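Student: I am new to this structure and should like to examine it step by step. May we begin once it is displayed?

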Amino acid sequence: MANTKQASACETCPVHHAGNLIRLGIKLDNVDFVIALAGNPNTGKSTVFNALTGLRQHTGNWPGKTVTRAEGAFMYAEKRYKIVDLPGTYSLLSASTDEEVARDFILFGQPDVTVIVADATRLERNLNLVLQVLEITNRAVVCLNLIDEAKRHGLQVDERLLAKELGVPVVATAARQGEGIPELLQAIDEVAAGKVICKPHRIGNESPALKRALEVLVKQIESQFPGLPNARWVALRLLEGDKRITEALRSGELGDLGRPLTVAQEAAGV
């Protein structure tokens, strides 16, 4: 009886009727698109994941890592999506295993869309990760979550202006209440299908000198390591003095950076 009441309550909740969303749980076969879900810890990322998939949790270990992953699926606009919930992290600079896993999946796994969940009550702190992700991928959506908490604290965020500044769609949500989920689904669908072409904010775009340096370095990297994914990001890390990347370049091991592609694809089942 309790289970019947719980199922009935779920069917009437706002998330259940988010547009033409069909939550597929762990039915991960025959997907059209792979979505990465990134964000700082405690931004409501898991709530967004659960809202889209209908799961409470479905976890396992990343291959070769002790970090757990969650993955699920949903259908929207007659397309099947697999969503991979990346470890919560404040940065992609590989200071920890969590950060390395998140970075490698976005960098080498090349998901069709990366959804970055940001806390609207702590937006400035969250933008650090947002900007780092936008350095890696052109296909991103910012989910500005906890907008209800922000309003209660008297905070107002202009998501349209933020979208203009970042160059990617920004959707305000209160995922726990299902608010903004239909709009988030639409934004994901439009980016995945190429209906919206993102022009993300990039550090090199602000400085002509840095832009020229990146162009020269990218050509050299691609010449020495053909097929290396995201050579621009590697060039940027070299210019910033990343010791790990510099040592990999000198030793010739930079080409091994493409190996996480296998890990990412295995984790996503692509």
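Student: Is tyrosine 81 buried or exposed?

Tutor: The model is a predicted one. In it, tyrosine 81 has a relative accessible area of 0%. Since buried means under 20%, the term that applies to tyrosine 81 is buried.

Student: How are the rings of phenylalanine 74 and tyrosine 81 arranged as a pair?

Tutor: A search of the whole structure yields two aromatic pairs. In the pair of phenylalanine 74 and tyrosine 81, the ring centres are 4.9 Å apart and the planes lie at 5°. Planes under 30 degrees apart count as stacked, so the pair formed by phenylalanine 74 and tyrosine 81 is stacked.

Student: What is the relative accessible area of phenylalanine 74, and which residues form the aromatic cluster?

Tutor: Phenylalanine 74 is buried, its relative accessible area being 1%. The aromatic cluster consists of Phe33, Phe74 and Tyr81.

Student: How many residues of strand β5 are buried, and which residue of β5 stands opposite alanine 36?

Tutor: Strand β5 spans residues 79-85 and is mostly covered, with six of its seven residues buried. Five bridges connect β5 with strand β2 (residues 33-39), and the two run parallel. Opposite alanine 36, the residue in β5 is valine 84.

Student: Which residues of β7 are buried on each of its faces?

Tutor: Strand β7 covers residues 140-145, and six of its six residues are buried. Both faces are therefore covered. One side holds Ala140, Val142 and Leu144, while the other holds Val141, Cys143 and Asn145.

Student: What is the handedness of the crossover from β6 to β7?

Tutor: Strand β6 (residues 113-119) runs parallel to β7 and is joined to it by six bridges. Between these strands the chain passes through helix α4 (residues 123-136). This β-α-β crossover is right-handed.

Student: Which residue in β8 is the bridge partner of cysteine 143?

Tutor: On the β6 side, cysteine 143 stands opposite valine 117. Strand β7 is also joined by three bridges to β8 (residues 170-172), with which it runs parallel. In β8, the partner of cysteine 143 is valine 171.

Student: Where is threonine 53 found, and which residues does it touch?

Tutor: Threonine 53 belongs to helix α2 (residues 45-53) and is buried, with a relative accessible area of 1%. A polar atom of its side chain lies 2.9 Å from the backbone oxygen of phenylalanine 49. Leaving aside residues up to four places away in sequence, threonine 53 touches Arg23, Leu24, Gly25, Gly72, Ala73 and Ile83.

Definitions and conventions:
Residues numbered from 1 in each chain as written. Predicted model: local features only at pLDDT ≥ 70, side-chain atom pairs only at ≥ 80, totals over all residues. Heavy atoms only, no water. Buried < 20%, exposed > 50% of the residue type's maximum accessible area, 1.4 Å probe, protein only. Helix = DSSP H or I, 4+ residues; strand = E, 2+ residues; numbered from the N terminus. Pairing = 2+ DSSP bridges. Phe/Tyr/Trp six-rings, centres within 6.5 Å; stacked < 30°, edge-to-face > 60°. Right-handed = clockwise from strand over helix to strand, strands pointing away. Polar contact = N/O pair within 3.5 Å; in protein donor to acceptor, adjacent residues only side chain to side chain. Contact = heavy atoms within 4.5 Å.
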